[in-house]
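This report goes through a single protein chain, topic by topic. Please have the sequence and the 3D view at hand while reading.

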Amino acid sequence: QVQLVESGGGSVQAGGSLRLSCVVSEDSCSRKSMAWFRQLLGKEREGVAAISSGVMFTVVADSVKGRFTISRDNARNSVYQQMNSLNPEATAMYYCAASDFQYLSSLYMLDSGKYNSWGQGTQVTVSS
């Protein structure tokens, strides 16, 4: 079972920035599609950003487009999410996820059902 460990969450004021990191336990990370999801208590998990293996095609949710960027460093088995211009609506638990699919159609890259390994999450809180 692949293990994912997130870090980088915290509390910031609106307009601030955070950078989330996710370290994957095995070298096969380079062959996996990776993504960030977020979830508020009592709400469904929402796809935020995803990145494929290889050419590193990315997809970002419309709600964060232009403010959030996903990237990966396969040499470090890591995936990152840079979050700028944060607003209170970004407050949530953020989860890193890995898919055994190297490449997913852009239609499915933010579909949680395509990911089979999940981290424990890191909390992001944005105050106004």
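## The disulfide

The model is predicted, and it holds one disulfide. This disulfide joins C22 to C96, with an S to S distance of 2.1 Å. The angle about the S-S bond is -80°, and the link of C22 and C96 is left-handed. The link connects distant parts of the chain: C22 belongs to strand β3 (residues 18-24), C96 belongs to strand β9 (residues 92-99), and 74 residues separate them. Both C22 and C96 are buried.

Why is C29 not in a bond with C22? The closest cysteine sulfur to that of C29 is the one in C22, and at 7.5 Å it is too far for a bond, because a disulfide needs the two sulfur atoms within 2.5 Å. C29 has a relative accessible area of 0%, so this residue is buried.

## The four-stranded sheet

Strand β3, which holds C22, is also part of an open sheet of four strands. The order in this sheet is β1-β3-β8-β7, and the pairing is antiparallel. Strands β1 (4-7) and β7 (68-73) stand at the edges; each has a single partner strand, so one side of each has no neighbour in the sheet. From one strand to the next, the twist averages 15°. In general, strands of a sheet pair through backbone hydrogen bonds.

How many bridges join β1 to β3? There are four, and the two strands run antiparallel. Within this part of the sheet, E6 stands opposite C22 in β3. C22 thus has a place in two parts of the description: it is linked to C96 by the disulfide, and it stands opposite E6 in the sheet.

## Salt bridges

A search of the whole structure finds four salt bridges. Side chains of opposite charge can pair when their charged atoms come close. Three of the four are described here, among them the pair of D100 and K32.

The closest N and O atoms of D100 and K32 are 2.6 Å apart. This pair links distant parts of the chain: D100 is in the loop between β9 and β10, K32 is in the loop between β3 and β4 (33-39), and they are 68 residues apart. Are these two residues buried or exposed? D100 has a relative accessible area of 51%, so D100 is exposed, the cut-off being over 50%. K32 counts as buried because its relative accessibility is 8%, and buried means under 20%.

R38 forms a salt bridge with E46, and their closest N and O atoms are 2.8 Å apart. R38 counts as buried at 9% relative accessibility, while E46, at 32%, counts as partly exposed. R76 forms a salt bridge with D73, with 3.2 Å between the closest N and O atoms. R76 counts as exposed at 58% relative accessibility, and D73 is partly exposed, with a relative accessible area of 25%.

## A nonpolar surface patch

Which residues make the nonpolar surface patch? V55, F57 and Y103 make it, and its area is about 360 Å². Y103 lies in the loop between β9 and β10 (117-118). The loop between β9 and β10 also holds D100, which forms the salt bridge with K32.

Technical notes: Residues are numbered from 1 along each chain as its sequence is written. This is a predicted model: local features need pLDDT of at least 70, side-chain atom pairs count only at pLDDT 80 or more; totals for chains, interfaces and linings use all residues. Side-chain values use heavy atoms; hydrogens and water are left out. Buried means under 20% relative accessible area, exposed over 50%, partly exposed in between (1.4 Å probe, protein chains only). Patches are made of residues with over 30% relative accessible area and no salt bridge: like charges are joined within 9 Å, nonpolar side chains (Val, Leu, Ile, Met, Phe, Trp, Tyr) within 5 Å. Accessible areas come from the Shrake-Rupley method with a 1.4 Å probe; for residues, only the protein chains shown count as cover. A salt bridge is a side-chain nitrogen of Lys or Arg within 4 Å of a carboxyl oxygen of Asp or Glu. Two strands pair if DSSP finds at least two bridges between them. Axes are lines fitted to C-alpha atoms, for helices over the stretch in contact, and angles run from 0 to 180 degrees between N-to-C directions.
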